[in-house]
Amino acid sequence: MRALITGHTSGLGKALFEALESDGWDVSGWSLEVGVDVTSELSIRTEIKEIEEPFNVVVNCAGVNYINWHEETPIEEWDRLLNTNARSMWLVVKELIRAKLLWDNNATIVNIVSNASHMPMTNSAAYNASKGAAHILTLQMARELGKTHGFTVFGLSPNKMKGTAMSAYIDSRVCDLRGWAPEEAAAYQRASLPAGEETDPETVAEFLAFLLSTQKRHKYLTGTILPYGA
């Protein structure tokens, strides 16, 4: 089985890359760290020229976050969030289809969304908007690409991850914006999590790797977005 994971060098993307690799998958990764800009048509097309075999699975996991007060958000931050967190999903799949690098009737696309797609958060208009776009894009892809190519498309929406660079950024930035001490910010954020703690990315990766291990385990999820951690 061959898989492509975007955003594979950190967080959930890295954990999933390692989980699939340990299960014997042939896994490729696209990220800025390896010279692939998934928001750029030219960058993707250049990388695609080096690929000979189609993928069975694509996981769109590339994501960035900035948090700021509504009126203080620079347009550059807004654009980067929308481009990375939503447009890249559409662009990666579009270019793989055009290059015939996804198996018709035997390919699965997974979009990593976020609970931010449906839960308003302070200082997070741009991020939430980007994840809301990713949410509806996932449903649209399932509806359209299921009919035209027989693809299975579903999403996974985790809550705040434990030990990732994005979570560390959020912890620090929340203190800056609200004037809180780190302990105060941590307690506030834990209180909003139903399990009382941040979600472990390795556990999410194990769950998703299990779903992807056979098509039968996930094909009935097409057109759905699974919450993970509420």
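These legends accompany several close-up views of a predicted model.

**View 1. Helix H3 and its kink.** Helix H3 spans residues 75–98, and a kink of about 50° is centred on Arg87. Start at Arg87 and look to either side: Ala86 and Ser88 are both among the buried residues of H3. The buried set also takes in Glu77, Leu81, Thr84 and Asn85, together with Met89, Leu91, Val92, Val93, Glu95 and Leu96. What do these buried residues pack against? Their partners include two helices, H2 and H4, as well as strands E1 (2–6), E2 (26–30), E3 (57–60) and E4 (108–112).

**View 2. The largest nonpolar core.** This core holds 28 residues. Which of them touch the most other members? They are Trp30, Val92, Leu96, Leu102 and Ile109. Val92 and Leu96 will be familiar from the previous view, as both are buried residues of H3. Helix H2 (41–48), H3 and H4 each give at least two residues to this core. As a general guide, nonpolar side chains in soluble globular proteins tend to be buried together.

**View 3. Another core, set apart.** Apart from the largest nonpolar core there is another, made of 26 residues. Good residues to look for here are Ala15, Leu16, Val59 and Ala209, which are among its members.

**View 4. The second largest pocket, between residues of H3 and H4.** This pocket has a volume of about 150 Å³. Helix H3 (75–98) and helix H4 (125–149) are the elements that give two or more residues to its lining. The lining consists of Trp90, Val93, Lys94, Ile97, Leu137, Gln140, Met141, Glu144 and Leu145. Which helix supplies the largest share? That is H4, with 5 residues. By class, the lining has 6 nonpolar residues, 1 polar residue and 2 charged ones. Val93 is worth finding here, since this pocket-lining residue is also one of the buried residues of H3.

**View 5. The largest cavity.** How many cavities of 30 Å³ or more turn up in a search of the whole structure? The search finds 1, and the largest cavity holds about 50 Å³ of space. Its lining includes Tyr66, Ile67, Asn68, His70 and Thr73, then Glu77 and Leu81, and also Asn123, Ser124, Ala125, Ala126 and Tyr127. Both H3 and H4 supply at least two residues of this lining, with H4 giving the most, 3 residues. The lining divides into 6 nonpolar, 5 polar and 1 charged residues. Glu77 and Leu81 link this view to the first one, as they are also buried residues of H3.

**View 6. Lys100 and Asn105 in the loop after H3.** Moving on from H3, you come to Lys100, which sits in the loop between H3 and E4. Its phi is near 55°, a positive value in a residue other than glycine. Asn105 lies in the loop between H3 and E4 too, and has a positive phi of about 65° although it is not a glycine. Are these side chains buried or exposed? Lys100 is exposed, with a relative accessible area of 67%, and Asn105 also counts as exposed, at 58% relative accessibility. Both residues get this label because exposed means over 50% relative accessible area.

Notes. Residues numbered from 1 in each chain as written. Predicted model: local features only at pLDDT ≥ 70, side-chain atom pairs only at ≥ 80, totals over all residues. Heavy atoms only, no water. 1 Å grid on protein atoms, 1.4 Å probe; cavity = no way out; pocket = protein on both sides within 12 Å on 5 of 7 lines; lining within 4 Å. Points joined across faces, edges and corners; volume = space filled by probe spheres on them. Helix = DSSP H or I, 4+ residues; strand = E, 2+ residues; numbered from the N terminus. Nonpolar A, V, L, I, M, F, W, Y, C, P; charged D, E, K, R; others polar. Core = buried A, V, L, I, M, F, W, Y, C linked by side-chain atoms within 4.5 Å. Buried < 20%, exposed > 50% of the residue type's maximum accessible area, 1.4 Å probe, protein only. Bend = angle between axes of the 7 residues up to and from the residue. Contact = heavy atoms within 4.5 Å.
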